[in-house]
Amino acid sequence: MLATLKIELLYGLSALWESSECGTLRDGERPGTVEEAKDLRREEFCRADYGGRLQSGNSFYCNFALGREMMSGDTTIDSVTGTTTGLSQLERVVDAFIAPSKTFTDILRSTAWWLPFLLSVLMTVLGAFVIDKQVGYDTVVQNSLHDSPKQEQALAETEPKQRAVQLRLMTMSYRYTAYASPIFIILIAAVSALALWGSFNFGFGAQTTYGQMLAVWMYASLPRLLSSILMIATLYGGNAEAFNLKNPVGTNLGFYLPDAAPWVKVLLSFVDVIGLWSLALLVIGTAIVAKVSRGKAAVVVVGWWVLILIVSVGVAVATS
């Protein structure tokens, strides 16, 4: 560790000796060599708030911080093109589970999010197919009606032929909605990212971009893939008859109280291990891209979470 610190210190001193101010390239000029790329990267560091310690005039710390990043392995300079490279999409996905700060920091370099979206699409479509084969959407409809007593009672009071038609339409609606879930994934992500972007930029004066917030949402949602995996495993384990599409796996408290009032089950369903995991990732990710403290990020993220909880419980009360 001492040796590493010495190397970083030497890097900072040598870079400081070469230039009395951060960056040597003019605005709009692209680096043509590795040395020019280093100068450009040094300038980027000077313009950013690196951990709350870096000031634009602090040339020594600028080079010192840059040396730390180059040695960390997360950012390197291509010897041929002279440009900086970061994590691959696969590395980002893996780090979202084991080292989330690395993933979200890399979003500052690139806002690409196609791999987590692709994984979400694959798992949701696979889940829809397994539900169709192992449970059947007619059973899904019947189980969902049990959670909406008013709707179930209204349907029971209709004539048999009309009731059969309505059940058939509901079954078709559930099936098509399940297979079209990728559309809802991107719509929910787009609206959620917009809400977060607006909250941070207008609420805390951040200068994050919409693309960064969308990427944070996509990567923070990766733990939800585990819900799909657990659901598929549960269905193949023989628990098809009691399957509830609204609460398919036992990662939350509401799952274990099937006879509780609908609004209570909805309330307790928010106390979900995987959901809270994703919530924590959102706090970490938004704090990094918006360059605010995690406390401020938690105020925004948890605030929206509480609002959605209240609305969901209110809907459950109104329909039960």
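A helix axis here is a line fitted to C-alpha atoms, over the stretch in contact, and angles between axes run from 0 to 180 degrees between N-to-C directions. Keep that in mind, and remember that what you have open is a predicted model.

**Stop 1: the whole chain**

Start with everything on screen, coloured by secondary structure. You should find 15 helices and 2 strands. The chain has 320 residues, and 40% of them count as buried. Now think about who touches whom: taking contacts with a separation of 6 or more, 64% are between residues 24 or more positions apart.

**Stop 2: α9 meets α10**

Select residues 160–179, which is helix α9, and then residues 181–203, which is helix α10. How do their axes sit? They come within 4 Å and cross at roughly 60°. To see the meeting point, show the side chains of Thr 177, Ala 178 and Tyr 179 on the α9 side. Across from them, in α10, show Ser 181, Pro 182 and Phe 184. Colour this little group by type and you get 4 nonpolar residues, 2 polar ones and no charged ones.

Stay with Ser 181 for a moment; its place is in helix α10. Is Ser 181 buried or exposed? The relative accessibility of Ser 181 is 15%, so it counts as buried, since the cut-off for buried is under 20%. Next, draw a distance line from the C-alpha atom of Ser 181 to that of Ser 120: you'll read 9.5 Å, although the two are 61 residues apart along the chain.

**Stop 3: α6 alongside α12**

Ser 120 also belongs to the contact between α6 and α12, so let's go there. Select α6, residues 114–134, and helix α12, residues 224–236. What angle do they pack at? It's about 20°, with the axes 10 Å apart. That makes α6 roughly parallel to α12, because angles under 35 degrees count that way. The crossing of α6 and α12 is left-handed.

Now switch on the side chains. From α6, the residues in this contact include Leu 119, Met 123, Leu 126 and Ile 131. From α12, they include Leu 225, Ile 229, Met 231 and Tyr 236. Over the whole contact of α6 with α12, the split is 11 nonpolar, 4 polar and no charged.

**Stop 4: two helices with buried residues**

Select helix α7, residues 137–146. Most of α7 is covered: 7 of its 10 residues are buried. Light them up: Tyr 137, Thr 139, Val 140, Val 141, Asn 143, Ser 144 and Leu 145. What covers them? Among the covering parts are α6, α8 (149–156) and α9.

Then jump to helix α4, residues 89–98. Here the residues to show are Gln 89, Arg 92, Val 93, Asp 95 and Ala 96, which are buried. The buried residues of α4 pack against α5 (100–106), α6, α11 (210–220) and α14.

**Stop 5: aromatic pairs**

Time to look at rings. A pair of aromatic rings is described by the distance of the centres and the angle of the planes. How many aromatic pairs are there? The count is 6. Select Trp 113 and Phe 117: their ring centres are 5.7 Å apart and the planes stand at 90°, so this pair is edge-to-face. Trp 113 is partly exposed, at 23% relative accessible area, and Phe 117 is partly exposed too, at 22%.

Another pair to pick out is Phe 270 with Trp 305, with centres 5.9 Å apart and planes at 65°, so that one is edge-to-face as well. Phe 270 sits in the loop between α13 (262–269) and α14 (273–290), while Trp 305 is in helix α15 (residues 294–319), so the pair ties together parts that are 35 residues apart in sequence. Phe 270 counts as buried at 17%, whereas Trp 305 counts as partly exposed at 24%.

**Stop 6: two loop residues**

From Phe 270, step to Gly 254, which is 16 residues away in sequence and 8.1 Å away C-alpha to C-alpha. Gly 254 is in the loop between α12 and α13, and it is buried at 3% relative accessible area. Leaving out residues up to four places away in sequence, Gly 254 touches Asn 247, Lys 265, Leu 268 and Ser 269.

Finish at Lys 291, in the loop between α14 and α15. Lys 291 is exposed, with 52% relative accessible area. Look at its backbone: phi is positive, about 60°, although Lys 291 is not a glycine.

How values were computed:
Residues are numbered from 1 along each chain as its sequence is written. This is a predicted model: local features need pLDDT of at least 70, side-chain atom pairs count only at pLDDT 80 or more; totals for chains, interfaces and linings use all residues. Side-chain values use heavy atoms; hydrogens and water are left out. Rings of Phe, Tyr and Trp (its six-membered ring) pair if their centres lie within 6.5 Å; planes under 30 degrees apart count as stacked, over 60 as edge-to-face and the rest as tilted. Buried means under 20% relative accessible area, exposed over 50%, partly exposed in between (1.4 Å probe, protein chains only). Contact means heavy atoms within 4.5 Å. Ala, Val, Leu, Ile, Met, Phe, Trp, Tyr, Cys and Pro count as nonpolar, Asp, Glu, Lys and Arg as charged, and the others, Gly among them, as polar. Angles under 35 degrees count as roughly parallel, over 145 as roughly antiparallel, 65 to 115 as roughly perpendicular and the rest as oblique. A crossing is left-handed if the near helix is turned anticlockwise from the far one by less than a right angle, and right-handed if clockwise.
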